[in-house]
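Colleague: I should like to learn how to read a model of this kind. Could you take me through the features in turn?

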There are 2 protein chains.
Amino acid sequence: MAALAYNFLDMTHPQIVTEQSAAEKSRHWLKYLQQRGYRLTGSRRAVVDALAEAERSLTAADLYEIGRAKHKGLGLVSVYRTLEKLEELGLVQRVHGPGGCHAYISAQDGHNHMLVCENCGRVEMFEGDDLKDFTRGLEKQSGFRIHEHWLQFFGLCADCQAA
Amino acid sequence: MAALAYNFLDMTHPQIVTEQSAAEKSRHWLKYLQQRGYRLTGSRRAVVDALAEAERSLTAADLYEIGRAKHKGLGLVSVYRTLEKLEELGLVQRVHGPGGCHAYISAQDGHNHMLVCENCGRVEMFEGDDLKDFTRGLEKQSGFRIHEHWLQFFGLCADCQAA
DNA sequence: CATATAATGAAAATGATTTTCAATATCAAC
DNA sequence: GTTGATATTGAAAATCATTTTCATTATATG
């Protein structure tokens with residue numbers, strides 16, 4: 001999962017945002033979990049590591065499989081419980097798409113839009129908040145109070161086009 | 001469900017798109033189903049009518065309940081089967097959101113973005129395709145071939161803010 | 001109106017997720 | 001270090017949305 005920055009009105013000068021390494025990410029997440037009063041266990045570490053290392057979005061079943069290689073006794077229930085906590089802390093986010101809504105990916109700081117490969121689950125993240133004015137206009141027209149928005153693009157990544 | 005039109009770069013002159021009446025919509029959908037070789041039955045009519053009349057997005061369970069008032073013997077299975085066909089014909093679309101991905105709403109012609117009330121499920125549809133250039137730029141940067149995008153806003157409609 | 005077959009509802013099956021529960025592991029206090 | 005309160009565990013059962021199976025019924029066409 002790479003991360004790019006875009007300017008909504010100017011696509012000519014994109015900025016690549018460098019990301020934490022998987023090891024840094026994992027360490028940070030575990031520390032954060034502990035700070036919140038959660039205990040660090042083998043099961044939790046296995047799931048956190050699997051997610052931090054992931055280059056693509058993963059389902060609970062994917063994480064169960066990958067996590068079991070790291071911690072033999074891992075149960076699927078612990079995968080769900082860890083995902084729940086990581087999501088609550090804003091460290092991972094669910095990836096919704098036409099092909100399903102059961103995958104998770106590590107969240108970038110701030111608000112992110114996603115470009116999702118429908119074949120392999122690879123996710124590119126984009127930062128930006130250029131929809132603010134648009135959102136305000138929409139609120140005025142509709143009478144809604146808007147809390148959140150999703151801007152997502154779906155397609156095939158370069159690798160999956162080639163394959 | 002109302003429908004508005006917007007211009008991505010100019011939110012000052014929105015255009016309200018008038019929608020079909022529920023009766024027109026239902027008649028049109030049933031005719032379309034029949035043209036495609038599907039038979040018209042009481043169960044099918046009940047589900048189609050319920051969806052055509054809906055002011056908000058509905059789940060299969062909602063449709064089962066509403067449909068049963070119209071056709072006593074309606075089974076939940078027929079709700080799913082009818083949704084499947086309507087979706088295949090592009091007459092209804094699934095509404096995905098932070099609160100779940102199990103609701104359906106009648107689709108407008110063409111490509112639509114949605115503004116969804118997280119409390120009551122009310123959906124406002126917006127037309128527009130001003131993301132074309134943006135999409136092209138994104139493809140160039142990422143190497144992806146983009147097939148589809150979602151632009152969705154979530155919040156509370158005027159009624160639910162008041163309540 | 002006969003008839004081929006699409007569509008039906010009920011029940012069972014499936015797949016993802018959650019709950020329950022007794023056993024175990026973590027971490028803070030000693 | 002040992003202890004002890006309790007957070008966390010995995011397994012099994014429960015739940016929820018959805019799909020499949022199947023014998024029966026209804027539709028539309030000839």
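Modeller: Let us begin with the order of elements in one chain. Along its sequence, chain A runs β-β-α-α-β-α-α-β-β-β-β-α-β-α. Please keep in mind that this is a predicted model.

Colleague: How many helices and strands does chain A have?

Modeller: The secondary structure of chain A amounts to 6 helices and 8 strands.

Colleague: What share of chain A counts as buried?

Modeller: A residue is called buried when its relative accessible area is under 20%. By that criterion, 47% of the 163 residues of chain A are buried. As for the surface, chain A exposes about 8500 Å², and 47% of that area is supplied by carbon and sulfur atoms.

Colleague: How should I read the contacts within chain A?

Modeller: One asks how far apart in sequence the partners lie. Taking the contacts in chain A between residues at least 6 apart in sequence, 49% join residues at least 24 apart.

Colleague: Is Ala69(B) buried or exposed?

Modeller: A residue counts as exposed when its relative accessible area is over 50%. Ala69(B) has a value of 74%, and is therefore exposed. This residue belongs to helix H3 of chain B, which spans residues 60-70. Its C-alpha lies 8.4 Å from that of Ala46(B), with the two positions 23 residues apart in sequence numbering.

Colleague: Let us turn to the DNA. Which residues come nearest to DNA strand D?

Modeller: There are 22 residues around DNA strand D, and those that come nearest are Arg39(A), Arg44(A), Ser78(A), Arg39(B) and Tyr80(B). By class, the surface near the strand has 8 nonpolar, 8 polar and 6 charged residues.

Colleague: Which part of DNA strand D do the atoms within 4 Å of the protein belong to?

Modeller: Sugar or phosphate accounts for 65% of those atoms, and bases for the rest. Individual distances to phosphate oxygens of DNA strand D add detail. For Ser43(A), a polar side-chain atom is 2.8 Å from such an oxygen; for Arg44(A), the corresponding distance is 2.7 Å. In chain B, an N or O atom in the side chain of Tyr80(B) lies 2.5 Å from a phosphate oxygen of this strand.

Colleague: Which elements give two or more residues to the surface near DNA strand D?

Modeller: They are helix H2 (42-53) and helix H4 (76-88) of chain A, together with helix H4 (76-88) of chain B. H4(B) gives the most, with 4 residues.

Key: Residues are numbered from 1 along each chain as its sequence is written. Chains are lettered from A and ligands numbered from 1 in the order in which they are written. This is a predicted model: local features need pLDDT of at least 70, side-chain atom pairs count only at pLDDT 80 or more; totals for chains, interfaces and linings use all residues. Side-chain values use heavy atoms; hydrogens and water are left out. A residue is near a molecule or strand if one of its heavy atoms lies within 4 Å of it. A polar contact is a pair of N or O atoms within 3.5 Å; within protein, one must be able to donate a hydrogen and the other to accept it, and residues adjacent in sequence count only if both atoms are side-chain atoms. Ala, Val, Leu, Ile, Met, Phe, Trp, Tyr, Cys and Pro count as nonpolar, Asp, Glu, Lys and Arg as charged, and the others, Gly among them, as polar. Buried means under 20% relative accessible area, exposed over 50%, partly exposed in between (1.4 Å probe, protein chains only). Contact means heavy atoms within 4.5 Å. Accessible areas come from the Shrake-Rupley method with a 1.4 Å probe; for residues, only the protein chains shown count as cover.
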